[in-house]
Amino acid sequence: MLKIDLHVHTWYSDSRASVKEVIDEARRKGLNGIAITDHNTMDALKDAKRLKGNLIIIPGEEVWTCQGEILALGIRKPIRKGLRIMDAIRRVHSQNGIVIIPHPTIPIFSRIKEETLRKLPIDGIEAFSAMTPLPRYFLKKNINLALRLKLPIVAGSDSHFKETVGDAYTIIDSKSSCIEDILDAIKLGKTKIGCKPSSWKFKVKIAPGIMISLLKTPLTYKSYLANRIY
Ligand SMILES: [Zn+2]
């Protein structure tokens, strides 16, 4: 069994934590690995490869698409932002990566409707993100969504601070620590989630940044509402 936080940001996007701090904290919390999922960039990977030691690093990206964000895990090259969601998913799959929908039922973070999710070839649902407001409520909602969609569940910290790395993680029954085996195990639903919500201290710190990014893009968000797949 591997304990991996599948949703971690670094200062290469909007986290306050360096790659070294993230890796050190993951080790301190006893994780086997992390997925680095910065917003629309994979620049942290070069530092992570140098610093990882025996920690598993899953290369990833939180990709902004016209219909909402996706987590791309196990990719080799970044997927550019602003694509239609189906195009972005195809590009992830063409790199043998997998697609997880992060924080799927929280209105301010995700606007992809269930009927849309049902038509998309996604590989899993993030049932718990440690930065979620009302954690119990959204955990239940997300698990019910995953059950209805018959999709595996995962968890991640969505960490934007070093202290919150590993607050949530996925327990993966993988036959080895190879990334391909880990991704296969996730796709097969050999996952459980381990989680506690991050402290409100950190949720409050990140709130202004979220509000600014939403205010910056009011027009762009109109495209979410269209919610077209193709
Ligand atoms: Zn995130």
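Reader: Which strands does helix H3 (residues 85-94) lie across?

Author: In this predicted model, H3 lies across strand S3 (56-65), strand S4 (68-73) and strand S5 (98-101). Its direction is about 5 degrees from that of S4.

Reader: What makes the sheet open, and which strands are at its edges?

Author: The order is S7-S6-S5-S4-S3-S2-S1-S8-S9. S7 and strand S9 (191-195) each pair on one side only. Those two are therefore the edge strands, given that pairing takes at least two bridges. From one strand to the next, the twist averages 35 degrees.

Reader: How do you know that strand S8 (residues 168-172) pairs with S9?

Author: Two strands pair if they share at least two bridges. S8 and S9 have five bridges, so they count as paired. The sense is antiparallel. One of the bridges joins Ile172 to Thr191 in S9. Across the whole sheet, the pairing is mixed.

Reader: Why does the span of helix H5 (residues 135-149) agree with its number of residues?

Author: H5 has 15 residues. At 1.5 Å a residue, they should span 21 Å. The end C-alpha atoms are 21 Å apart, so the two values agree. Just after H5, Lys150 has a positive phi of about 55 degrees.

Reader: Which residues of H5 are buried, and why do they line one face?

Author: Phe138, Leu139, Asn142 and Ala146 are buried. Seen down the helix axis, they fall within an arc of 105 degrees, so they line one face. Their cover includes strand S6 (124-129) and strand S7 (153-156).

Reader: What is carried by the face of H5 turned away from the buried side?

Author: Arg136, Tyr137, Asn144, Leu147 and Arg148 are there. They are called exposed because each has 12 or fewer other C-beta atoms within 10 Å of its own.

Reader: Which residues touch the most other members of the largest nonpolar core?

Author: The core has 62 residues. Ile4, Ile34, Ile70, Ala72, Leu73 and Ile100 touch the most other members. S3 gives the largest share, five residues.

Reader: What is Ile4 in contact with, leaving aside its neighbours within four places in sequence?

Author: Contact needs C-beta atoms within 7 Å. The partners of Ile4 include Leu31, Ile34, Ile56, Ile58, Tyr169 and Ile172.

Reader: What share of the contacts with a separation of 6 or more joins residues 24 or more positions apart?

Author: In the protein chain, that share is 66%. As for burial, 47% of the 230 residues count as buried.

How values were computed: Residues numbered from 1 in each chain as written. Predicted model: local features only at pLDDT ≥ 70, side-chain atom pairs only at ≥ 80, totals over all residues. Buried ≥ 20, exposed ≤ 12 C-beta atoms within 10 Å, placed from the backbone. Contact = placed C-beta atoms within 7 Å. Helix = DSSP H or I, 4+ residues; strand = E, 2+ residues; numbered from the N terminus. Expected span 1.5 Å × (residues − 1). Arc of directions from axis to C-beta. Axes fitted to C-alpha atoms, helices over the stretch in contact; angles between N-to-C directions. Core = buried A, V, L, I, M, F, W, Y, C linked by C-beta atoms within 7 Å.
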